[in-house]
Amino acid sequence: MREFDGRTAIVTGGTQGIGRAIAADLVRAGFDVAVTARTARDVESVASDLSGLGGGSALGVVADVRDPEAAERAVGETVNRFGGVDLLVNNAGVGKYAPVQELTLEDWHLQMETNLNGVFYFSRAAIPHLVKSDDAWIINIGSLAGRNPFAGGAGYNATKFGLLGMTEAMMLDLRYEGIRVSLVMPGSVDTGFGDRPAGEKAGWALTSEDVSRAVLDLLRYPGNAHASRIELRPSQPPRKK
C-alpha cells in the first residue's frame, strides 16, 4: 500500500517547476491531486501525465489564484471528484524584478494579488474541508527572499516577507483546528522563474525535486510534531567576490 493512499491534495501553480514536481511526488506517494493553473490545455495535459505515474490520480482544474470565486470553484471541484481535501499546497507565485522607481503598478499588483491574495483565497476556501481531515496540512511555498531583501526585489520581497507573517499567523489560528501550517522557503532554484532562463544556475542551485522532497518530509512528521518553517539553501553556491 502506498504511503498516502486515500488522501487528497490541491497544488496551485501545479503545471510547471516546483509545483509540478510536488504534484508528481504526491501522486507517486498515493495522493489524489488537483493541479491548478490558468489555462485548460496546461492543466489537462499535466493531469494526464501525472495520472500515468502510478499511485494516485490527478485532476486538472482551471483557476486563477487572484480570483476568490475561482478558488472556491477549484476547491469545490476537488471535493466533488475526490470526496475531501487533506492538503493544500499554495505554490503559485510570480516575480517581477525592477528598481522600485521603475516597478510598474501592474507588476506590483500582479505580485501582491498572486503571491499573497492567492494564498488567502485558496486557504479560506479549503479550510472548511481541511478541518474534516484527520491529518490536514496547508504548506505554503515561499522563498528566502522573505528574509533577505535584494535590489530590484521591492515587490517580490514584500510579498514573501508578508507570506512569512501570514503563514505563521495561520499556524497559530489553525493549530487547534487540527490543521498544521508550514512554510517552505527555498533559495536559488533552477526553474526559470521570474523570466530568468532555466539552466543558468545548473550545477549548484536547488532543483524543483529538492523542494518537493521537503514537502513530503513535512507530511511524514507524526501528529504531535510540527516543523513550521523549512529554509532550504544550495549547499555550495558560488562564492561572492
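Mentor: In this predicted model, a residue is called buried under 20% relative accessible area, exposed over 50%, and partly exposed in between.

Trainee: Why is Tyr 97 called partly exposed?

Mentor: Tyr 97 has a relative accessible area of 27%. That value lies between the cut-offs of 20% and 50%, so Tyr 97 is partly exposed.

Trainee: What class do Phe 150 and Tyr 156 receive?

Mentor: Phe 150 has a relative accessible area of 31% and is therefore partly exposed. Tyr 156, at 8%, falls under the 20% cut-off and so counts as buried.

Trainee: What makes Tyr 97 and Phe 150 an aromatic pair, and why is the pair called edge-to-face?

Mentor: A pair of aromatic rings is described by the distance of the centres and the angle of the planes. The centres of Tyr 97 and Phe 150 are 5.8 Å apart, and the planes make 65°. Because rings pair within 6.5 Å and planes over 60 degrees apart count as edge-to-face, both conditions are met.

Trainee: Why does this pair tie together parts that are apart in sequence?

Mentor: Tyr 97 lies in the loop between β4 and α4, while Phe 150 lies in the loop between β5 and α5, so the pair joins parts 53 residues apart in sequence.

Trainee: How do you know that Tyr 97 and Tyr 156 are edge-to-face?

Mentor: Their ring centres are 5.5 Å apart, with 85° between the planes. Since 85° is over 60 degrees, the edge-to-face label follows. This pair also links distant parts of the chain, with Tyr 97 in the loop between β4 and α4 and Tyr 156 in helix α5, 59 residues apart. Ring pairs thus join Tyr 97, Phe 150 and Tyr 156 into a cluster.

Trainee: Where is Ala 154, and why is Ala 154 called partly exposed?

Mentor: Ala 154 is found in helix α5. Its relative accessibility is 33%, which lies between 20% and 50%, so the class is partly exposed. Apart from neighbours within four places in sequence, Ala 154 is in contact with Val 100 and Trp 108. The C-alpha atoms of Ala 154 and Pro 99 are separated by 7.3 Å, although these residues are 55 apart along the chain.

Trainee: Which residues of the largest nonpolar core touch the most other members?

Mentor: Among the 36 residues of that core, they are Ile 10, Val 75, Phe 122, Leu 130, Ile 138, Ile 179 and Val 181. Helix α4 gives the most to this core, with eight residues. In soluble globular proteins, nonpolar side chains tend to be buried together.

Trainee: What does Leu 130 touch?

Mentor: Leaving out residues up to four places away in sequence, the partners of Leu 130 include Val 85, Leu 87, Trp 137, Ile 138 and Ile 179. A second, separate core has 34 residues, among them Ile 18, Val 33, Ala 47 and Val 89.

Trainee: How do α3 and α4 pack, and what is the handedness of their crossing?

Mentor: Their axes are 8 Å apart at an angle of about 35°, and the crossing is right-handed. Residues in this contact include Ala 71, Glu 72 and Val 75 of α3, with Phe 122, Arg 124 and His 129 of α4.

Trainee: What classes make up the contact of α3 with α4?

Mentor: The contact has nine nonpolar, one polar and two charged residues. Arg 124 is a charged member and His 129 a polar one, because Arg is listed as charged and His falls among the others.

Technical notes: Residues numbered from 1 in each chain as written. Predicted model: local features only at pLDDT ≥ 70, side-chain atom pairs only at ≥ 80, totals over all residues. Heavy atoms only, no water. Phe/Tyr/Trp six-rings, centres within 6.5 Å; stacked < 30°, edge-to-face > 60°. Helix = DSSP H or I, 4+ residues; strand = E, 2+ residues; numbered from the N terminus. Buried < 20%, exposed > 50% of the residue type's maximum accessible area, 1.4 Å probe, protein only. Core = buried A, V, L, I, M, F, W, Y, C linked by side-chain atoms within 4.5 Å. Contact = heavy atoms within 4.5 Å. Axes fitted to C-alpha atoms, helices over the stretch in contact; angles between N-to-C directions. Left-handed = near helix turned anticlockwise from the far one by under 90°.
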